[in-house]
Amino acid sequence: MSKILFISEGFIDKKMAGPGIRYLEMAKYLSNFHSVTLACPNKSLIKNEFFEIIFYTQNSLKKIIASTD
């Protein structure tokens, strides 16, 4: 099982635009086969049991990337 990271430039939350929806759906689908983390530039209120959604800043991206495949 691979550790997959999606880095969204768009917001992931209850109301979001097309790119955020696409990132969310790709993460949901791939979480059936892999360990998935979805990083977004906002603190998301969306809760799910399939994958992790985390908040990132420019300073934290290197550490987040280093922890995935």
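Select helix H1 and then whatever packs over its buried residues: the cover includes strand E1 (3–7), strand E2 and strand E3 (52–55). The model on screen is a predicted one.

**Helix H1**

Keep H1 selected and show its side chains. The helix has 13 residues, and the distance from its first C-alpha to its last is 18 Å, close to the 18 Å expected at 1.5 Å a residue. Color Gly20, Leu24 and Ala27, which are the buried residues to look at in H1. They span an arc of only 65° around the axis, so they sit on the same side of H1. Now turn to the other side of H1, where Arg22 and Tyr29 are exposed.

Next pick Pro19, which is also in helix H1. Pro19 counts as partly exposed because its relative accessibility is 41%. For a distance across the model, draw a line from the C-alpha of Pro19 to that of Ile65: the two are 46 residues apart along the chain and separated by 20 Å.

**The sheet**

Hide the side chains and select E1, E2 and E3. They form an open sheet of three strands in the order E1-E2-E3, with parallel pairing. Strands E1 and E3 are at the edges with a single partner strand each, so each has one side without a neighbour in the sheet. Looking along the sheet, the twist from one strand to the next averages 25°.

Strands of a sheet pair through backbone hydrogen bonds, in either a parallel or an antiparallel way. Here, E1 and E2 run parallel and are joined by five bridges. To find one of them, select Ile4 and its bridge partner in E2, Val36. Bring H1 back into view: the helix lies across E1, E2 and E3, and runs at about 175° to E1.

**Strand E2 and Leu38**

How many of the six residues of E2 are buried? Five are, so to speak of E2 as mostly covered is fair. Select Leu38, which lies in this strand, E2. Leu38 counts as buried because its relative accessibility is 0%. Show everything around Leu38 while leaving out residues up to four places away in sequence: Leu38 touches Phe6, Ser8, Ile12, Tyr23, Leu24, Ala27, Phe51, Glu52, Ile53 and Ile54. For a residue farther along the chain, go to Lys62, 24 residues from Leu38, where the C-alpha separation is 15 Å.

**The nonpolar cores**

Select Phe6, Ile12, Leu24, Ala27, Val36, Leu38, Cys40, Ile46 and Phe51 together; these nine residues make up the largest nonpolar core. Helix H1 (18–30) and strand E2 (35–40) each supply at least two residues of this core. Which element gives the largest share? That is E2, with three residues.

Within this selection, center on Phe51. Apart from neighbours within four places in sequence, Phe51 is in contact with Leu24, Ala27, Lys28, Ser31, Val36 and Leu38. Then clear the selection and pick Leu5, Ala39, Ile54 and Leu61, which are among the six residues of a second, separate core.

**Lys14**

The last stop is Lys14, in the loop between E1 and H1. Is Lys14 buried or exposed? Lys14 counts as exposed because its relative accessibility is 65%. Show what Lys14 meets outside its neighbours within four places in sequence: Lys14 is in contact with Leu45 and Ile46. Draw the C-alpha distance from Lys14 to Ile46, which are 32 residues apart along the chain, and the viewer should give 6.5 Å. Ile46 is also one of the nine residues of the largest nonpolar core.

Methods. Residues numbered from 1 in each chain as written. Predicted model: local features only at pLDDT ≥ 70, side-chain atom pairs only at ≥ 80, totals over all residues. Heavy atoms only, no water. Core = buried A, V, L, I, M, F, W, Y, C linked by side-chain atoms within 4.5 Å. Buried < 20%, exposed > 50% of the residue type's maximum accessible area, 1.4 Å probe, protein only. Helix = DSSP H or I, 4+ residues; strand = E, 2+ residues; numbered from the N terminus. Contact = heavy atoms within 4.5 Å. Expected span 1.5 Å × (residues − 1). Arc of directions from axis to C-beta. Pairing = 2+ DSSP bridges. Axes fitted to C-alpha atoms, helices over the stretch in contact; angles between N-to-C directions.
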